Amino acid sequence: MAGIDGRCAMARMKILGISGSLREDSYNTAALRAAQELVPEDVVIETFDRLDEIPPFNQDDERNPPERVVELKQRVMEADAILFVTPEYNFSIPGVLKNAIDWASRPYGDNAWAGKPAAIMGASVSMTGTARAQYHLRQSMVFLDMHPVNQPEVMISNAAERFSEDGELKDEDSKRFMTQLLDNLVEWTRKLQSAA
Ligand SMILES: Cc1cc2nc3c(=O)[nH]c(=O)nc-3n(C[C@H](O)[C@H](O)[C@H](O)COP(=O)(O)O)c2cc1C
């Protein structure tokens, strides 16, 4: 886009944020809201909500996917980068998040996630702060051909102590790590885009 003085203005980077929780008072969705406030000014985090509106994946339908899946794939493809904010369910990611990931990866050869820079963070009520879920997600990201940022790992442990009752992230250490992760994601995305 040419600016008024003839220089090229850099387009605003768009990150698509996806929380893996459907829970009304979800710590992860609250962390995603906090992330929206912590990104640099020239970056915006938009969200894809209501993963429960995506039906269970059925490979018979992958060439004629439901409307909501078409929308998800479109939003993923339009985004410069993806931010997953995931709870940990039984040492893995929630089924609704895996379901959305699976749909948008299909049919074979039309994987919306391929080549996308990404970052992962998560909040849990336990001391391990979604560590195992995050590694499970990273494992899927290998086959999805995504490019996740490695550091810092943002694992918000003991979440009940770090958010206020109305879902505001209060913990300064968590905010600092999130800010660093988001800065790294932005830098990583720019590097990949300029190399392309
Ligand atoms: C089905 C289920 C399985 C869970 N498994 C784990 C787990 O493996 N590790 C963990 O730290 N917390 C686990 N939890 C507790 C979650 O950390 C907690 O419910 C958290 O609040 C979920 O995130 P949310 O607030 O964003 O919904 C589990 C919760 C549920 C409902």
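Phe163 is a good place to start: at a relative accessible area of 6%, this residue is buried. Keep in mind as you look around that the model is a predicted one.

**Aromatic pairs**

Phe163 has a ring partner, Tyr27, and the structure holds three aromatic pairs. A pair of aromatic rings is described by the distance of the centres and the angle of the planes. For Tyr27 and Phe163 the centres are 5.4 Å apart and the planes stand at 35 degrees, so this pair is tilted. What parts of the chain does the pair link? Distant ones: Tyr27 belongs to helix 1 (residues 27-38), while Phe163 sits in the loop between helix 5 (159-162) and helix 6 (172-195), and the two are 136 residues apart. Is Tyr27 buried, exposed or partly exposed? With a relative accessibility of 23%, Tyr27 counts as partly exposed, because buried would require under 20%.

Another pair brings together Phe84 and Trp113. Their ring centres lie 5.4 Å apart with the planes at 45 degrees, so this pair is tilted as well. Phe84 is found in strand 3 (residues 81-85) and Trp113 in the loop between helix 3 (95-104) and strand 4 (117-123), so the pair ties together parts that are 29 residues apart in sequence. Both Phe84 and Trp113 are buried.

**Charges over rings**

Two arginines are worth a look next. Arg132 places its charged end over the ring of Phe91, 4.0 Å from the ring centre. Arg176 does likewise with Phe177, where the charged end is 5.3 Å from the centre of the ring.

**Around the ligand**

Now for the ligand. Which residues come nearest? Of the 13 residues around the ligand, they are Ser21, Ser26, Asn28, Glu88 and Ser124. By type, the shell divides into five nonpolar, six polar and two charged residues. The table shows some contacts with oxygen atoms of the ligand.

| Residue | Protein atom | Distance to a ligand oxygen atom |
|---|---|---|
| Ser21 | polar side-chain atom | 2.7 Å |
| Asn28 | polar side-chain atom | 2.7 Å |
| Val125 | backbone N or O atom | 3.3 Å |

How much of the ligand does the protein bury? Taken alone, the ligand exposes 620 Å², and the protein buries 73% of that.

Reading along the chain, Tyr27 of the pair with Phe163 lies in helix 1 (residues 27-38), and Asn28 offers a polar side-chain atom 2.7 Å from a ligand oxygen atom.

Conventions:
Residues numbered from 1 in each chain as written. Predicted model: local features only at pLDDT ≥ 70, side-chain atom pairs only at ≥ 80, totals over all residues. Heavy atoms only, no water. Phe/Tyr/Trp six-rings, centres within 6.5 Å; stacked < 30°, edge-to-face > 60°. Helix = DSSP H or I, 4+ residues; strand = E, 2+ residues; numbered from the N terminus. Buried < 20%, exposed > 50% of the residue type's maximum accessible area, 1.4 Å probe, protein only. Lys NZ or Arg CZ within 6 Å of the ring centre and 35° of its normal. Near = heavy atom within 4 Å. Polar contact = N/O pair within 3.5 Å; in protein donor to acceptor, adjacent residues only side chain to side chain. Areas by Shrake-Rupley, 256 points an atom, 1.4 Å probe, with all protein chains shown as cover. Nonpolar A, V, L, I, M, F, W, Y, C, P; charged D, E, K, R; others polar.
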